[in-house]
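Trainee: I am new to this structure and would like to get to know it. Could you take me through it step by step?

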Amino acid sequence: MNVLKFDSESSWIDCVCSLWRDRLVTNPGLTLCLPSGTTPVGIYAALSRSATAGLVSFARASVFALDEFGGLAPDDPGRTRHTLQRQLIDAVDLPPSAFHFLDPDAPDTHRHCGDYDDAIGDGFDLVLLGIGLNGHLGMNEPGSPLDSPTRRVDLHGTTVQSSARYFAHQNLPTWGLTVGLKAVMASKEVWLLANGEAKAGIIEQTVRGDISPANPASLLRRHPNCSLLVDAAAGVLL
Ligand code: PGA
């Protein structure tokens with residue numbers, strides 16, 4: 001795992017966006033897996049500005065949402081699909097058919113997840129990931145196996161509680177659908193992103209602790225092309 005630590009949040013955002021623009025220029029057909037959450041908000045805003053300025057194009061790219069919350073109204077603005085749509089997709093020239101997302105209300109969840117894995121194929125060109133305070137990746141909570149497929153999962157209690165900031169109501173989701181670790185590990189490149197001091201402890205454990213399913217993010221140390229990109233606050237213990 002390459003560790004890239006930046007001295008400010010703005011230089012962290014600038015670097016991630018610059019690398020991302022570069023990946024799209026060198027491979028316009030880039031297949032991406034993207035998270036929602038608070039971590040990428042500034043990155044998506046900066047990349048949206050690049051797209052508006054004509055500096056980057058998603059015209060031949062494809063985007064897969066990393067996960068989706070279950071048990072919410074279809075139009076709940078906190079759902080991953082809507083968050084990504086608002087924060088990035090609406091601002092870029094991605095063809096609508098190239099935005100893939102998980103539907104927790106699909107009549108046959110197992111089949112729907114299998115179809116998502118079929119569409120993903122042999123992994124993504126690039127996966128962006130946030131990290132949970134317990135090391136979860138997407139909704140791959142501690143204990144998730146390395147070969148896990150896209151599937152329905154129950155969220156840990158701490159994950160449910162910390163999701164409160166995504167919603168304007170108290171009906172917090174207790175389950176969801178997530179791309180599995182298998183597709184993440186099969187992808188050509190993975191960027192694990194973290195900002196802010198709250199992530200400092202789990203980032204230190206991820207880099208220095210045991211490689212174990214108890215901390216799913218630590219498993220990324222087994223990936224051949226994974227970079228950890230952190231701002232100074234999240235990387236303060238490294
Ligand atoms: P955050 O969430 O980006 O909102 O901190 C990350 C996560 O829990 O996966």
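Mentor: Gladly! One definition to begin with: Ala, Val, Leu, Ile, Met, Phe, Trp, Tyr, Cys and Pro count as nonpolar, Asp, Glu, Lys and Arg as charged, and the others, Gly among them, as polar. Please also keep in mind that this is a predicted model.

Trainee: Thanks! How do the residues of the lining of the second largest pocket divide?

Mentor: This pocket holds about 160 Å³ of space. Its lining has 16 residues, and Pro77, Gly78, Thr83, Arg86 and Tyr166 lie nearest the centre. By the definition above, the lining divides into six nonpolar, seven polar and three charged residues.

Trainee: Which helix gives the most to the lining of the second largest pocket?

Mentor: Look along residues 80–87. That helix supplies three residues of the lining, and its name is α3.

Trainee: Now the largest pocket: what is its volume, and which residues are closest to its centre?

Mentor: The volume of the largest pocket is about 520 Å³. Its lining is made of 28 residues, and the closest to the centre are Ile131, Gly132, His136, Arg165 and Tyr166.

Trainee: Where does the largest share of the lining of the largest pocket come from?

Mentor: Two elements that each supply at least two lining residues are β4 (67–69) and α5 (157–162). The lining as a whole divides into nine nonpolar, 16 polar and three charged residues. The largest share is three residues, and it comes from α5.

Trainee: Let's turn to the strands. In the open sheet of seven strands, which strands stand at the edges, and why is one side of each left without a neighbour?

Mentor: The seven strands are paired in parallel, in the order β1-β10-β9-β6-β2-β3-β5. A strand at the edge has a single partner strand, so one side is left without a neighbour in the sheet. The edge strands are β1 (2–6) and β5 (99–100).

Trainee: Which residue of β9 stands opposite Leu126?

Mentor: β6 (residues 126–129) and β9 (residues 189–194) pair in the parallel sense over four bridges. Opposite Leu126, in β9, stands Glu189.

Trainee: And in the open sheet of three strands, which residue of β8 stands opposite Asp67?

Mentor: This sheet has the order β4-β8-β7, with antiparallel pairing. Its neighbouring strands are turned by 25° against each other on average, direction ignored. β4 pairs with β8 (residues 175–178) over three bridges. The residue opposite Asp67 is Thr178.

Conventions:
Residues are numbered from 1 along each chain as its sequence is written. This is a predicted model: local features need pLDDT of at least 70, side-chain atom pairs count only at pLDDT 80 or more; totals for chains, interfaces and linings use all residues. Side-chain values use heavy atoms; hydrogens and water are left out. On a 1 Å grid over the protein atoms alone, a cavity is a set of points where a 1.4 Å probe fits but cannot get out, and a pocket is an open set with protein on both sides within 12 Å along at least five of seven lines; lining residues have an atom within 4 Å of a point. Grid points are joined across faces, edges and corners, and a volume is the space filled by probe spheres set on the points. Two strands pair if DSSP finds at least two bridges between them. Axes are lines fitted to C-alpha atoms, for helices over the stretch in contact, and angles run from 0 to 180 degrees between N-to-C directions.
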